[in-house]
Each structure stands twice: as C-alpha cells, then as structure tokens.
Amino acid sequence: MINRYSYKVKTSMAVSRGVNVVRLAPTSGNALTAFEPGQYVAVSYYRSGRPSPVRCFSLLSVANARGELELGMRTGGLFTTAFTKLAPGDMVSVQGPFGSFTAERNDPSPIVMFAGGIGITPFISMIRSAAAAGFPTPMRLIYSFNVIDAVPFLDELTAYAADSDKFRFRVYGGPAASQFANSNVSSERMAPLIVQQLATNITSGRFFLCGPAGFMSTYGKTLRKAGISSDAIITESFMAIAPGSPKKRFGMLPMAYALTAMAIVLGTLTISGVDLVRYLPAHAESSAPSAPLSAPSDSTSAVDTTSNETVPVSTATPTVSSSSISSSSSSNYSSYYQAPRSSVS
Ligand SMILES: Cc1cc2nc3c(=O)[nH]c(=O)nc-3n(C[C@H](O)[C@H](O)[C@H](O)COP(=O)(O)OP(=O)(O)OC[C@H]3O[C@@H](n4cnc5c(N)ncnc54)[C@H](O)[C@@H]3O)c2cc1C
C-alpha cells in the first residue's frame, strides 16, 4: 500500500542558480514521520484544483516528529519550475517513502559518497542523520558540481567537517569554484583518476553513487576497475531506468516497431483465414446442388460440407464474464519512476 499525505508549501528558496530547496509542512496530524536517509517521495501539486503529474524527489531532511520535509530541486523543466514557484500555503500531495538507497545502520565500514550535481540530495539526508548521531562510521563525500554562483549546502558541509574528523568532503566545482576561499572546494573537475585513487586508499567500504547517467556509468566502472566489488557499489538513478540495471538486448523503440509489425502480419493472416473459411462453404454450396440447404426454423444453421448435414449454430450473443477482462493497473507515475537500489554491472 502506498502512503499518501497532504502537505502545504512552507518555504521555497533558491540555494544556487538553478537549485531550490522547498520545505513542506503537513496539513494534518497524518504526516510522513518515518523514513530512512536516502529515500525519496513522489510529489504533485495542484493546478486549478487538479493534480499535476507526479515526480520523484529524494528527501534532504531527516525524519522528524513534526513530519516536515525538505526537497532539493534542480529547476528547468515544467514540473520543477512550477513547483518551486508555489507560494507558502499551496497544497502538495506526497506519496512515499520509496527506495533502498540507504546505508545499513549496523555496518561499521566507511561510507564513500559520490554526488553528481543535484545527485547530492540523498547524501544530505544521510550526512545530516550521521551528524546527529556523531558520525558513528567514517563518511567521505566527493561532490561534483558545475559552479556558477554557489555550491548548494557548502556551508552546512563545511560546518560538519569542522565539527568531526570522521566526516570529510571535497567539491570539484570547475574554474568558477576558485571564488570560494574554502579548502574543501577545488576548481578542478572531477575525473576518473581522482575516484580511482580514492578507491585504492579505501579498500573496504560502501560506495554510494548518485548523479546523471554518464556520471554513474563512468564512476561505477572506475570503481570496479579499481577492484571494488559490485556488491559494495550502491547506486540511485534520477532517471526512470537505472544505469546499473542489466543491459537490455532490445531498445523500446525497435521492440515497439517489431510488435506492431507482428500484429499487422497476424491480423492480415487472421482476416485472410476467416475470408477463406467463409468462402469455402459458399463455394461448396454452389458446386453441390443436391445438398439439403433448408434449416430448421428455430435455429440458424451452417452446412457441414463433409456430411451434407445441417449443424445448428447458437445465435446467442457471446458473453464475457467481468472476471475474464483483465483490468490494467492504474497509471502510477511513482512506480514508473521508481529506481531501485542496484549494483553497477
Ligand atoms: C528516485 C528519484 C529521485 C529523484 N530525486 C531528485 C531530487 O532530489 N532532485 C531533483 O531535482 N530531481 C530528482 N529526481 C528527478 C525528478 O524526478 C525529475 O526528473 C525532474 O524533476 C524532472 O522535472 P522537470 O521539471 O525538469 O521536467 P518535466 O518538465 O517535468 O519533464 C520533462 C520530460 O522529462 C520526462 N521525465 C521527467 N522526469 C523523468 C525521470 N525521472 N526519468 C525519465 N524521464 C523523466 C517527462 O516525462 C517529460 O517528458 C529524482 C528522480 C528519481 C527517479
């Protein structure tokens, strides 16, 4: 069963060009108060009283008794532009929590996190949760963010790193990052060599990856090449299909073309077959003048051309029991967009 909650917008604020943080508060006592850091929710808003499409967003916040939630959104498309323009008090529907991009609490091995762009969001929840518990396991964050004006969450991450030597992070921000007087920020770009060196130094640990498809595929492969077992590599894709999922042998489009072609061929064969069957008795009738063609008055008949006997055919309309009609499952954006935890292959 999917849990659905009614929320309203509390605040919506830009934290860098193109990234907004939206805070949501429940409208009643029924709120999402329990979830694991790294999980996500499916949200929709209302336009003229009608719900918008549903989109998934990782939770930035940690679970709290008030049920307040925080989401980080890269704006640009229709949904995110509209959502981040909602005013305080505007209603939002929240479903969830979903996903297994979560760290086992009882596992003492270090956690290494690779974030690409807005892929930082599930890690913020994980880091906040670990910070509240005094970083029970060492955590390391490698954060690639193409800096224009600001690095989202930089001050917060810097404060955690200053408080605990169990948490370390580095931002690879590109040339514009030189504006920050912060030793954790590099104006280099993240590169496979950096990840390879890190993986060589940290041999036992859990490696979490979240970011765009190219990022996941490049660094998933880099980690594997560096000798990290695929079981230790955990990914979250913000796309509908996780790059770590098994390679499809056929793409969706060729598959759709092939199915359409098969349907056309089968349809043509069926129509030809039916025409042939209809034609044959008529042909047999015209060439067999002695056949008894009269039918009993109370039933429709067909001619059995082999025995020349009339065969009664029921005139009743065929009935289809309702249970035999399979009802297609209702459209569910959240399941469409669910990206299960998967290992990079
Ligand atoms: C598990 C998960 C967690 C996510 N967490 C975050 C997050 O924390 N922050 C964030 O900014 N984004 C996150 N996303 C991505 C987010 O759900 C949407 O992709 C994004 O909001 C698209 O909104 P838009 O306004 O840019 O595009 P829209 O204008 O809404 O959509 C543009 C087009 O892209 C298609 N589309 C939209 N989303 C997806 C998708 N996920 N996969 C494939 N096609 C899609 C639509 O069908 C449409 O055709 C997450 C996605 C997933 C699956």
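Student: Which strands and which helix each supply at least two residues of the shell around the ligand?

Tutor: Strand 5 (55-58), strand 6 (69-74) and helix 1 (78-84) each supply at least two, where helices (H or I, at least four residues) and strands (E, at least two) are DSSP runs numbered from the N terminus. The model is predicted, and local features need pLDDT of at least 70, side-chain atom pairs count only at pLDDT 80 or more, and totals for chains, interfaces and linings use all residues. Residues are numbered from 1 along each chain as its sequence is written.

Student: How many residues surround the ligand, and which strand gives the most to the shell?

Tutor: A residue counts as near the ligand if its C-beta atom, placed from the backbone, lies within 6 Å of it. The shell has 21 residues, of which the closest are Gly77, Leu78, Phe79, Thr80 and Thr121, and strand 5 gives the most, with four residues. By class there are twelve nonpolar, seven polar and two charged residues; here Ala, Val, Leu, Ile, Met, Phe, Trp, Tyr, Cys and Pro count as nonpolar, Asp, Glu, Lys and Arg as charged, and the others, Gly among them, as polar.

Student: Where does the ligand lie with respect to the domains?

Tutor: Domain 1 (4-98) and domain 2 (111-248) both give residues to the shell, so the ligand lies between them; the domain bounds come from an automatic or database domain assignment.

Student: In what order do the six strands of the open sheet stand?

Tutor: Strands of a sheet pair through backbone hydrogen bonds, either parallel or antiparallel. Here the order is 11-10-9-8-12-13 and the pairing is parallel, two strands being paired if DSSP finds at least two bridges between them. Strand 11 and strand 13 (233-237) stand at the edges, each with a single partner strand, so one side of each is left without a neighbour in the sheet.

Student: How many bridges join strand 9 to strand 10?

Tutor: Six bridges join strand 9 (residues 139-144) to strand 10 (residues 167-172), and Ser144 has Tyr172 of strand 10 as its bridge partner. Strand 8 (residues 111-116) is also joined to strand 9 by six bridges, again in parallel, with Ile111 opposite Met139. On the other hand, strand 10 and strand 11 (residues 185-186) pair over two bridges, and Val171 stands opposite Val185.

Student: What unit do strand 9, helix 3 and strand 10 make?

Tutor: A crossover is called right-handed if, with the strands pointing away from the viewer, the path from the first strand over the helix to the second runs clockwise. Strand 9, helix 3 (residues 154-163) and strand 10 make a right-handed β-α-β unit of this kind.

Student: Which strands does strand 1 pair with, and in which sense, parallel or antiparallel?

Tutor: Strand 1 (residues 4-16) runs antiparallel to strand 7, with five bridges between them, one of which pairs Lys8 with Met91. Eight bridges join strand 1 to strand 2 (residues 19-26), also antiparallel, and there Val9 is partnered by Leu24. Their hairpin has two residues between the strands, and Gly18 takes a positive phi near 90°.

Student: Which peptide bond is cis?

Tutor: The bond from Gly96 to Pro97 is cis, with omega near 5°, and Pro97 has its place in strand 7 (residues 91-98). Another backbone detail concerns Ser48, which has a positive phi of about 50° although it is not a glycine, and which is found in the loop between strand 3 (40-47) and strand 4 (50-51).
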